[in-house]
Amino acid sequence: MSVLRLTCSPRGTESESHRLSQFIVDALARADIERGRDVIEIDANLLAHVDAEYARALGSPADPDGDPSGALRQSDRLIQSLAEADYVVIATPMHNYTVPSGLKAWIDHVVRVRSTFSVTREGKVGVLADRPVFVAVSSGGLFSGAEARQPDFLTPYLKAALATIGLKRLTFFSVEGTAMGGLALEAARLRTQAAIAAYFAGATDAVAEVAIQASIHASS
Ligand SMILES: Cc1cc2nc3c(=O)[nH]c(=O)nc-3n(C[C@H](O)[C@H](O)[C@H](O)COP(=O)(O)O)c2cc1C
């Protein structure tokens, strides 16, 4: 089983969202215990922004000839690691109601015309095989439920961006209201951990199905 984990907080492995994502990675490993797990880690904050050559290539009818360099090469590698993953786990904080800049940089590298989506008369069509994507979100305030006092552009944006390339099986878990700290934060953590445990207790069939697909793929 291979898991691609993208850590998007500037606080890296110390972050609340990374901490939350670990419960998902551990649950995936338990659900597929026989094959163990292979976790490919990407720190989205280390990605360079797309460059001029990349922008020119995406606006042209074809990619440039020759060995890719700069952002085109980084994009090739990121797309390959995404295409090879059985599961994707995205650990991200909410920044200004949406995704942080590191996650946006990753999206700009993997949502790429001719590579991960095609343009048709009906619109953009994703070319990646669909697979489960788990999103672990952390936010200082609340963005869901009746007490939320801010908009949430993160959830619909991520759904739209990843659906463009064929990834439509997104599941979100969030620890909201981290700014409250203390007991309120601890209670939010425990609620979300319980939600993850409940999800995976009921999702064994879906995880097994992905494991079977992956072993068919590996042996073909
Ligand atoms: C630049 C920046 C913008 C932020 N914008 C929001 C926001 O729009 N809504 C919110 O609830 N929290 C916001 N926060 C707070 C973070 O979401 C919160 O501290 C979160 O727990 C950080 O998670 P992390 O430890 O995974 O980085 C922002 C924090 C930063 C640094």
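These exercises walk through a five-stranded sheet and two helices in a predicted model.

Residues are numbered from 1 along each chain as its sequence is written. In this predicted model, local features need pLDDT of at least 70, side-chain atom pairs count only at pLDDT 80 or more, and totals for chains, interfaces and linings use all residues.

**Exercise 1. Work out the order of the strands in the sheet and find which strands stand at the edges.**

Step 1. Strands here are DSSP runs (E, at least two residues) and helices are DSSP runs (H or I, at least four), numbered from the N terminus. Two strands pair if DSSP finds at least two bridges between them.

Step 2. Five strands form an open sheet, ordered 2-1-3-6-7, with parallel pairing.

Step 3. Strand 2 (38-43) and strand 7 (169-176) are the edges. Each has a single partner strand, so one side of each lacks a neighbour in the sheet.

Step 4. From one strand to the next, the twist averages 15 degrees. Angles run from 0 to 180 degrees between N-to-C directions, and axes are lines fitted to C-alpha atoms, for helices over the stretch in contact.

**Exercise 2. Trace the bridges across the sheet, pair by pair.**

Step 1. Strand 1 (residues 2-7) runs parallel to strand 2, joined by six bridges. Ser-2 stands opposite Asp-38 of strand 2.

Step 2. Five bridges pair strand 1 with strand 3 in the parallel sense. Here Leu-6 faces Ile-90 in strand 3.

Step 3. Strand 3 pairs with strand 6 over six bridges, again parallel. Ile-90 stands opposite Val-135 in strand 6. Thr-92 has Val-137 as its bridge partner.

Step 4. Strand 6 and strand 7 pair in the parallel sense over eight bridges. Val-133 has Leu-170 in strand 7 as its bridge partner.

**Exercise 3. Decide whether the residues of strand 3 and strand 6 are buried or exposed.**

Step 1. Apply the cut-offs. A residue is buried if 20 or more other C-beta atoms lie within 10 Å of its own, exposed if 12 or fewer, and partly exposed in between; C-beta atoms are placed from the backbone.

Step 2. In strand 3, seven of its seven residues are buried. Tyr-87, Val-89, Ala-91 and Pro-93 point one way; Val-88, Ile-90 and Thr-92 point the other.

Step 3. In strand 6, eight of its eight residues are buried. One side carries Pro-132, Phe-134, Ala-136 and Ser-138, and the other carries Val-133, Val-135, Val-137 and Ser-139.

**Exercise 4. Describe how helix 1 and helix 6 pack.**

Step 1. Two packed helices are described by the angle between their axes and the distance between the axes.

Step 2. The axes of helix 1 (residues 16-31) and helix 6 (residues 182-202) come within 10 Å and cross at roughly 20 degrees. The two helices are therefore roughly parallel (under 35 degrees; over 145 is roughly antiparallel, 65 to 115 roughly perpendicular, the rest oblique).

Step 3. List the contacts (C-beta atoms, placed from the backbone, within 7 Å). Leu-20, Phe-23, Ile-24, Ala-27 and Ala-31 in helix 1 meet Thr-192, Gln-193, Ile-196 and Phe-200 in helix 6.

**Exercise 5. Classify Ala-201 as buried or exposed.**

Step 1. Ala-201 is found in helix 6.

Step 2. Ala-201 has 10 C-beta neighbours inside 10 Å, so it counts as exposed.

Step 3. Ala-201 and Ala-27 are 174 residues apart along the chain, and their C-alpha atoms are separated by 9.2 Å.

Note on methods. Two residues are in contact if their C-beta atoms, placed from the backbone, lie within 7 Å.
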